[in-house]
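Student: I have a structure to study, and I keep meeting labels for its parts. Can we go through what earns each label?

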Amino acid sequence: ALNLLKMYLELSGAIVASSKDGEEALAQIRDRSATATTNLAKPYDVIISDYNMPYANGIAICQRNNCT
């Protein structure tokens, strides 16, 4: 299901990043946010997260990143 979602998002023009667990997801979000002000990258517009990821679930990811 993840690969299918990724394919549809990319076909619609989205730039997609995926991670194997919550720890990697948090690192990607942190790194993207840290470099957003210094180059052409910008923070993620949307985060789609699995509730049952290892190391940090979707709720924890949102809490640590002030998702709204």
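**Labels and what earns them**

Tutor: Start with Ser19, which counts as partly exposed at 23% relative accessibility. Keep in mind that this is a predicted model.

Student: Why is Ser19 called partly exposed?

Tutor: Buried means under 20% relative accessible area, and exposed means over 50%. Ser19 has 23%, so the label is partly exposed.

Student: Where is Ser19, and what does Ser19 touch?

Tutor: Ser19 sits in the loop between H1 and H2. Leaving out residues up to four places away in sequence, Ser19 touches Glu24, Ala25 and Gln28. Along the chain, Ser19 and Ser49 are 30 residues apart, yet 9.7 Å separates their C-alpha atoms.

Student: What is the overall layout of the chain?

Tutor: The chain has 3 helices and 0 strands. From the N terminus on, the order is α-α-α.

Student: How do you know whether Asn3 is buried or exposed?

Tutor: Check the value against the cut-off. Asn3 has a relative accessible area of 63%. Exposed means over 50%, so Asn3 is exposed. Asn3 belongs to helix H1. Its C-alpha atom is 9.6 Å from that of Ser18, and the two residues are 15 apart in sequence.

Student: What makes Gly58 count as buried?

Tutor: Its relative accessible area is 8%. The cut-off for buried is under 20%, so Gly58 is buried.

Student: Which residues are in contact with Gly58, leaving aside neighbours within four places in sequence?

Tutor: They are Ser49, Asp50, Tyr51 and Met53. Gly58 itself is in helix H3. Gly58 and Asp21 are 37 residues apart in sequence, with 10.0 Å from C-alpha to C-alpha.

Student: Why is Ile61 called buried?

Tutor: Ile61 has 1% relative accessibility. That is under 20%, so Ile61 is buried. Ile61 also lies in helix H3. Between the C-alpha atoms of Ile61 and Tyr51 there are 9.5 Å, and the two residues are 10 apart along the chain.

Student: What makes up the largest nonpolar core?

Tutor: There are 7 residues: Ala25, Leu26, Ile29, Met53, Ala56, Ala60 and Ile61. Helices H2 (22–35) and H3 (58–64) each give two or more of them. H2 has the largest share, with 3 residues.

Student: Why does Ile61 qualify for a nonpolar core?

Tutor: A nonpolar core takes buried residues of certain types, Ile among them, joined through side-chain atoms within 4.5 Å. Ile61 is an Ile and is buried at 1% relative accessibility, so both type and burial fit. Ile61 is listed in the core. In soluble globular proteins, nonpolar side chains tend to be buried together.

Student: How much of the chain counts as buried?

Tutor: Of its 68 residues, 16% count as buried. The chain exposes about 5400 Å², and carbon and sulfur atoms supply 55% of that area.

Student: Why is Tyr55 called exposed?

Tutor: Its relative accessibility is 66%. Exposed starts over 50%, so Tyr55 is exposed. Tyr55 is in the loop between H2 and H3.

Student: What makes the phi of Tyr55 worth a look?

Tutor: Phi is near 75° there, a positive value in a residue other than glycine. Most residues other than glycine have a negative phi.

Student: What lies in the largest pocket, and which residues line it?

Tutor: The pocket holds about 860 Å³ of space. Of its 27 lining residues, Val16, Ala17, Val46, Ile47 and Ile48 are the closest to the centre. Helix H1 (2–11) and H2 each supply at least two residues of the lining.

Student: How do you know which class a lining residue such as Val16 falls in?

Tutor: Val counts as nonpolar, so Val16 goes in that class. By class, the lining has 17 nonpolar, 4 polar and 6 charged residues.

Methods. Residues numbered from 1 in each chain as written. Predicted model: local features only at pLDDT ≥ 70, side-chain atom pairs only at ≥ 80, totals over all residues. Heavy atoms only, no water. Buried < 20%, exposed > 50% of the residue type's maximum accessible area, 1.4 Å probe, protein only. Helix = DSSP H or I, 4+ residues; strand = E, 2+ residues; numbered from the N terminus. 1 Å grid on protein atoms, 1.4 Å probe; cavity = no way out; pocket = protein on both sides within 12 Å on 5 of 7 lines; lining within 4 Å. Points joined across faces, edges and corners; volume = space filled by probe spheres on them. Areas by Shrake-Rupley, 256 points an atom, 1.4 Å probe, with all protein chains shown as cover. Contact = heavy atoms within 4.5 Å.
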